[in-house]
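The exercises below concern the contacts between chains and the packing of helices in one model. Work through each task before reading its solution.

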Amino acid sequence: MSKLAIVLASGELEKIQAASIIASVASTLGTEVIVFATMDGLMAFKKDVVEKKAWKTAGELGKGMIESGAPLFIDTFRQAKEVGNLKMYACGMIMDMLKLKIDDFVDIFDDVVGVSAFLGMVEDAQVLFI
Amino acid sequence: MSKLAIVLASGELEKIQAASIIASVASTLGTEVIVFATMDGLMAFKKDVVEKKAWKTAGELGKGMIESGAPLFIDTFRQAKEVGNLKMYACGMIMDMLKLKIDDFVDIFDDVVGVSAFLGMVEDAQVLFI
Amino acid sequence: MSKLAIVLASGELEKIQAASIIASVASTLGTEVIVFATMDGLMAFKKDVVEKKAWKTAGELGKGMIESGAPLFIDTFRQAKEVGNLKMYACGMIMDMLKLKIDDFVDIFDDVVGVSAFLGMVEDAQVLFI
């Protein structure tokens, strides 16, 4: 796979963890990866949510991930950004709707973009909706 | 992207809104879009659900979308159908299972099809499962 | 579609049913299908969960599927494996994390693999995240 794009719309920790692991492994394998965080998938990166580890979970698996102290998606995405070609974008529409600023989120996004700009970037990519 | 297909299986408003916005923007950009509504994604188009705005939500974001009176997915899909090349299909299997008729849904679907027919239509498309 | 890959991460019966039907129909149409079960999508195949039909559901639709006694995803996947070219893989990372063995799951998986091996298999496939 030469290019992978992920629309990250789920706020459930299990799904976001899966997204971060797929993105990280693909990136390590040399794939260009683009992540577009929107809806509850974007909310999961809010500073107050991250500080309190207040993510939604699908169930026990997600709760166990939080309690175990295992590395979570923020770390996984950050490491992948350092090692590979991974870019992360925050959804401008949701930020406008909720009057949020980029400072309300942990420092992980490369830019704030709209759906139109995102679709322009993923023309030739395999796109996953998570 | 020349062709985008969306399997809309989620009943959560946030996910359906995301689907409608991606479909609408892609359609505006000249992409042929095919939406196949099934499972709870189909139920979200039932007349009684739409009238009462009785959609499931993942959380506060979805509830806020309903309360704000902002345009929701029904309008977004309809406008995209008027402007671009967007077709919407209802899943025949779920309709049979629940003994539902096309009249039980708001007027938005181009046809009722099965999974086999849908897969035949999306041969060369980027497919998203939402 | 010549090759379809499904990352099955959802534990909701409605989503898993959708996955099994898409996989089965695609397989019948001659498509090579690869399913990678992870997170709650893997847990749905645990022997104790299957015996008790203790799957999570998104709502009434899923509950009705269990109560109706209609064929569920285990049967659908198994039949597709007999008839078509469908391979199913369990996620090794989640099994390690939860100290689970392949014997803890119903007999349906061809192998236990990691994300890296899975991504290597789906290079030229249409990938769905469910």
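**Exercise 1.** Determine how much area chain A and chain C bury between them, and which residues of chain A supply the most of its side.

*Solution.* Chain A and chain C bury about 1,600 Å² between them, 74% of it on carbon and sulfur atoms, where buried area is the accessible area (1.4 Å probe) that two parts lose on being put together, summed over both. Within the area that chain A buries against chain C, Met1(A), Lys15(A) and Leu61(A) supply 34%, more than any other three residues.

Before going on, note the conventions: this is a predicted model, in which local features need pLDDT of at least 70 and side-chain atom pairs count only at pLDDT 80 or more, while totals for chains, interfaces and linings use all residues. Residues are numbered from 1 along each chain as its sequence is written, chains are lettered from A and ligands numbered from 1 in the order in which they are written, and side-chain values use heavy atoms, with hydrogens and water left out.

**Exercise 2.** Describe the polar interactions and the make-up of the side of chain A that touches chain C.

*Solution.* Begin with the contact count: 19 residues of chain A are in contact with 19 residues of chain C, contact meaning heavy atoms within 4.5 Å. Next, the count of salt bridges between chain A and chain C is 0 (a side-chain nitrogen of Lys or Arg within 4 Å of a carboxyl oxygen of Asp or Glu). There are, however, 3 residue pairs in polar contact between these chains, both residues at pLDDT 80 or more; a polar contact is a pair of N or O atoms within 3.5 Å, and within protein one must be able to donate a hydrogen and the other to accept it, residues adjacent in sequence counting only if both atoms are side-chain atoms. Helix 1, helix 4 and strand 5 (126–129) of chain A are the elements that give two or more residues to this side, and helix 1 gives the most, with 8 residues. Finally, by class, the side has 14 nonpolar, 3 polar and 2 charged residues.

**Exercise 3.** Work out how helix 1 and helix 4 of chain A are oriented, and which residues meet.

*Solution.* The axes of helix 1 (residues 13–28) and helix 4 (residues 60–68) of chain A come within 8 Å and cross at roughly 70 degrees. That makes helix 1 of chain A roughly perpendicular to helix 4 of chain A, the term covering angles of 65 to 115 degrees. On helix 1 of chain A, the residues are Leu13(A), Glu14(A) and Gln17(A), and they meet Leu61(A), Gly62(A), Met65(A) and Ile66(A) in helix 4 of chain A. The residues of this contact divide into 4 nonpolar, 2 polar and 1 charged.

Conventions: Axes fitted to C-alpha atoms, helices over the stretch in contact; angles between N-to-C directions. Helix = DSSP H or I, 4+ residues; strand = E, 2+ residues; numbered from the N terminus. Parallel < 35°, antiparallel > 145°, perpendicular 65-115°, else oblique. Nonpolar A, V, L, I, M, F, W, Y, C, P; charged D, E, K, R; others polar.
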